[in-house]
Amino acid sequence: TELKTLKNDNEPNKVHHILSQNDDVWIASDKGLIHQYRKTGYNHFLNYKVPGNNIARRISSVKDITLGKNEIYIVSGFNVLVYPFKCEVDSTNMVKFINEKQTRTYSVYCDHSGEIWYGTKSGLQSKKGALFFDHSTENILLTKGINAIAETEDSVLVLATYGYGILFYKNGKIRSQVTTSSGLRNNICRRVFVHKNQVYVATP
């Protein structure tokens, strides 16, 4: 999908994910994270502050976003960032979410309990409060690249992997795996979305 956004920017912008809550729309794109406010039609890129000084920079190449209770979590390169909803429109108080292992991150998801899950080049990780968990030690399939994460109504995580199909994961165990041998068109899964009792998967 391509999006032309902001009046002074005419080049197409690749979009990876779109979320909305009430009148706010959040768009993860190659040029950054765009916030649109539907009531006024105002839209702008979100920035962050460089640690140690007040220099504000645009978040570069946002690959995934997820909504928490009062914040939005953002994947950009090796970083997972968190942004509070109630910031002023031009605020730059972006906070870096601690990613214990400096690994390229592809996806992020906030589950029903508030635990933050992220899929990295080397597998599944999560953080709840101050505690960090590396789930790649639980199963060799959890060491693979995870492009997207979703959750079913009964709190099963659905993991879209790069080359290993879809994994259904709960309480430290892989409950099942869906691959081409069970009907999937391709084992490279780009995105996954859950609605009621249906799982939707995007493959090449």
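In the predicted model, the side chains of Asp23 and Lys39 are joined by a salt bridge with an N to O distance of 3.8 Å. Asp23 belongs to the loop between strand E2 (13-21) and strand E3 (24-29), and Lys39 to the loop between strand E4 (32-37) and strand E5 (42-45), so the pair ties together parts that lie 16 residues apart in sequence. The two partners fall into separate accessibility classes: Asp23 is partly exposed, at a relative accessible area of 25%, while Lys39 is exposed, at 63%. The pair qualifies as a salt bridge because its N to O distance of 3.8 Å falls within the 4 Å cut-off. The count of such interactions comes to 3 salt bridges.

Another salt bridge connects Asp30 with Lys63, and here the closest N and O atoms are 3.2 Å apart. Asp30 is placed in the loop between E3 and E4, whereas Lys63 is part of strand E8 (residues 62-67), so this pair ties together parts that are 33 residues apart in sequence. Asp30 counts as partly exposed, with a relative accessibility of 31%. Lys63 is likewise partly exposed, with a relative accessibility of 30%.

Strand E8 also takes part in the salt bridge between Arg191 and Asp64, whose closest N and O atoms are separated by 3.1 Å. This interaction links distant parts of the chain, since Arg191 lies in strand E20 (residues 191-195) and Asp64 in E8, 127 residues apart. Arg191 is partly exposed at 24% relative accessibility. Asp64, in contrast, is buried, with a relative accessibility of 2%, which places this residue under the 20% limit for burial.

Two of these salt-bridge residues recur in the description of the pockets. The second largest pocket, with a volume of about 450 Å³, has a lining of 16 residues, and those nearest its centre are His16, Lys63, Asn147, Arg190 and Arg191. Strands E2 and E12 each contribute at least two residues to this lining, and E2 provides the largest share, 3 residues. By class, the lining of the second largest pocket consists of 4 nonpolar, 6 polar and 6 charged residues.

The largest pocket has a volume of about 550 Å³. Its lining comprises 27 residues, of which Tyr109, Ile149, Ala150, Phe193 and Val194 are the closest to its centre. Elements that supply two or more residues to this lining are E2, E8, strand E12 (105-110), E16, E20 and strand E21 (198-202). Strand E20 gives the largest share, 5 residues; this is the strand that holds Arg191 of the salt bridge with Asp64. The lining of the largest pocket is made up of 16 nonpolar, 6 polar and 5 charged residues.

Strand E16 (146-151) also bounds the loop that contains His135, which runs between strand E15 (131-134) and E16. His135 is buried, with a relative accessibility of 7%. A polar contact of 2.7 Å connects the side chain of His135 with that of Ser126. When neighbours within four places in sequence are set aside, the contacts of His135 are Glu115, Trp117, Leu124, Gln125, Ser126, Leu142 and Tyr169. Ser126 thus appears among the contacts of His135 as well as being its polar partner.

Another loop residue, Asn171, is located between strand E18 (166-170) and strand E19 (173-178). Asn171 is exposed, with a relative accessible area of 64%, whereas the loop residue His135 is buried. The C-alpha atom of Asn171 lies 9.5 Å from that of Ser155, a residue 16 positions away along the chain.

For the protein overall, the secondary structure comprises 21 strands and 0 helices. Of the 204 residues, 43% are buried; Asp64 and His135 are included in this class. Among contacts between residues at least 6 apart in sequence, 35% join residues at least 24 apart. The salt bridges illustrate such separations: Asp30 and Lys63 belong to parts 33 residues apart, and Arg191 and Asp64 are 127 residues apart.

Terms used. Residues numbered from 1 in each chain as written. Predicted model: local features only at pLDDT ≥ 70, side-chain atom pairs only at ≥ 80, totals over all residues. Heavy atoms only, no water. Helix = DSSP H or I, 4+ residues; strand = E, 2+ residues; numbered from the N terminus. Buried < 20%, exposed > 50% of the residue type's maximum accessible area, 1.4 Å probe, protein only. Polar contact = N/O pair within 3.5 Å; in protein donor to acceptor, adjacent residues only side chain to side chain. Contact = heavy atoms within 4.5 Å. 1 Å grid on protein atoms, 1.4 Å probe; cavity = no way out; pocket = protein on both sides within 12 Å on 5 of 7 lines; lining within 4 Å. Points joined across faces, edges and corners; volume = space filled by probe spheres on them. Nonpolar A, V, L, I, M, F, W, Y, C, P; charged D, E, K, R; others polar.
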